[in-house]
Amino acid sequence: TRTPVNVTVTGAAGQIGYALLFRIASGHLLGADVPVRLRLLEIPQGMKAAEGTAMELDDCAFPLLKGIDIFDDPNQGFEGANVALLVGARPRTKGMERGDLLSANGGIFKPQGKAINDHAADDIKVLVVGNPANTNALIAQAAAPDVPAERFTAMTRLDHNRAISQLAKKTGADVTDIKRLTIWGNHSATQYPDIFHAEIAGKNAAEVVGDELWLADTFIPTVAKRGAAIIEARGASSAASAANAAIDHVHTWVNGTAAGDWTSMGIPSDGSYGVPEGIISSFPVTTKDGAYEIVQGLDVNEFSRARIDASVQELVEERDAVRELGLI
Ligand code: NAX
């Protein structure tokens, strides 16, 4: 029998945590034949609710779930972790400046990065979901010098999935017909969903759409502002769709992209496509055997260049701000 994989989830008592844990335990994160052990990390105020969720996980009698432990100490929470989903974060509240937001999150992600460095398993893979996800991932990565930088990733898969769905609706295609879509840049309103290389049932998506106005005035803003639209409609931020995207991100990272397709992941830039080295930006990537590679050689047109540059510029500013705050 296989040794269970240790999966640490932070913010386990939150709404994404609630939508995420049952799917991890039922085998959707790593595969239907991979046993898992959950390590839930919360802050002291979240411990009781996390215990309640753990009771419900018990009550599912999931065949693959080999244990649940709950901690409020990151050093224990990340002990032996093979996969870490960093969901808990400090949200922006009214009147908060960007500097306040970044330093509040630095107080979370710097110690968590250090705990990962000191206690996680050698094969640790990290996905940061908590916002600002890209820069939180950068903070954690900088605090973990002994872990290869490429193991720290940020989630843009929800944006990727949203873009596929919007494109399918517009063209009447099935979501499974859409391949090679890319989210570039930051998981924020500046992100750039790129359909110029995407395919719909084998045809170029931009040509199938044939409407640059729709692209600029409807598609891009709809994808970029979808989070706000969900809050407006639901009275709460995306939770099940965010959890689903986290599952997709890790599942693809571990199990590989399909031939002829790619996905979008926030990853440390190696300088590809003019994105400054080291910042955590979303790229088109293929994955195989638990590793990812940036898709190279794509022709970036003027329309795309301007939008990629704007989002990357925002990431550079966030990096400079956390550097100034001594967080990296
Ligand atoms: P909730 O407020 O429901 O839950 C957050 C949980 O994190 C709480 O239980 C809290 O006690 C816990 N927490 C706070 N600090 C912690 C720490 N230092 N260690 C461990 N746990 C801690 O938020 P939820 O709706 O679950 O969202 C979580 C994060 O995901 C937010 O930052 C949110 O902005 C972000 N999102 C990111 C998305 C993405 O695509 N990258 C999309 C969805 C979501 O908005």
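Trainee: Where does P132 lie in this predicted model?
Mentor: P132 is in the loop that runs between β5 (125-128) and α5 (133-142).

Trainee: And the peptide bond from N131 to P132, cis or trans?
Mentor: That bond is cis, and its omega is near -5°.

Trainee: N131 rings a bell. Which residues come nearest to the ligand?
Mentor: N131 is one of them, along with Q15, I16, E42 and V129, out of 22 residues around the ligand.

Trainee: OK, what does the backbone of I16 do there?
Mentor: A backbone N or O atom of I16 sits 2.9 Å from an oxygen atom of the ligand. G11 also uses its backbone: one of its polar backbone atoms is 3.2 Å from a ligand nitrogen.

Trainee: What about side chains, say Q112?
Mentor: Q112 has a polar side-chain atom 3.3 Å from a nitrogen atom of the ligand.

Trainee: How much of the ligand's area does the protein bury?
Mentor: The protein buries 80% of the 890 Å² that the ligand exposes when taken alone.

Trainee: Which pocket is that space?
Mentor: The ligand takes up the space of the largest pocket.

Trainee: Which elements give two or more residues to the shell around the ligand?
Mentor: Those are α1 (15-25) and α4 (98-119).

Trainee: And how do the shell residues divide, nonpolar, polar, charged?
Mentor: You get 11 nonpolar, 10 polar and one charged.

Trainee: Switching topic: what's up with phi of A61?
Mentor: Phi of A61 is near 45°, so to speak on the positive side, in a residue other than glycine. A61 belongs to the loop between α2 (47-59) and β3 (65-71).

Trainee: Last one. What confidence values does the predictor give?
Mentor: For the protein, the mean pLDDT is 97, with 100% of the residues at 70 or more. For the complex, the predictor gives an ipTM of 0.98 and a pTM of 0.98.

Notes
Residues are numbered from 1 along each chain as its sequence is written. Side-chain values use heavy atoms; hydrogens and water are left out. A residue is near a molecule or strand if one of its heavy atoms lies within 4 Å of it. A polar contact is a pair of N or O atoms within 3.5 Å; within protein, one must be able to donate a hydrogen and the other to accept it, and residues adjacent in sequence count only if both atoms are side-chain atoms. Accessible areas come from the Shrake-Rupley method with a 1.4 Å probe; for residues, only the protein chains shown count as cover. On a 1 Å grid over the protein atoms alone, a cavity is a set of points where a 1.4 Å probe fits but cannot get out, and a pocket is an open set with protein on both sides within 12 Å along at least five of seven lines; lining residues have an atom within 4 Å of a point. A molecule sits in a cavity or pocket if more than half of its atoms lie within 2 Å of its grid points. Helices (H or I, at least four residues) and strands (E, at least two) are DSSP runs, numbered from the N terminus. Ala, Val, Leu, Ile, Met, Phe, Trp, Tyr, Cys and Pro count as nonpolar, Asp, Glu, Lys and Arg as charged, and the others, Gly among them, as polar. pLDDT is the predictor's confidence in each residue, from 0 to 100.
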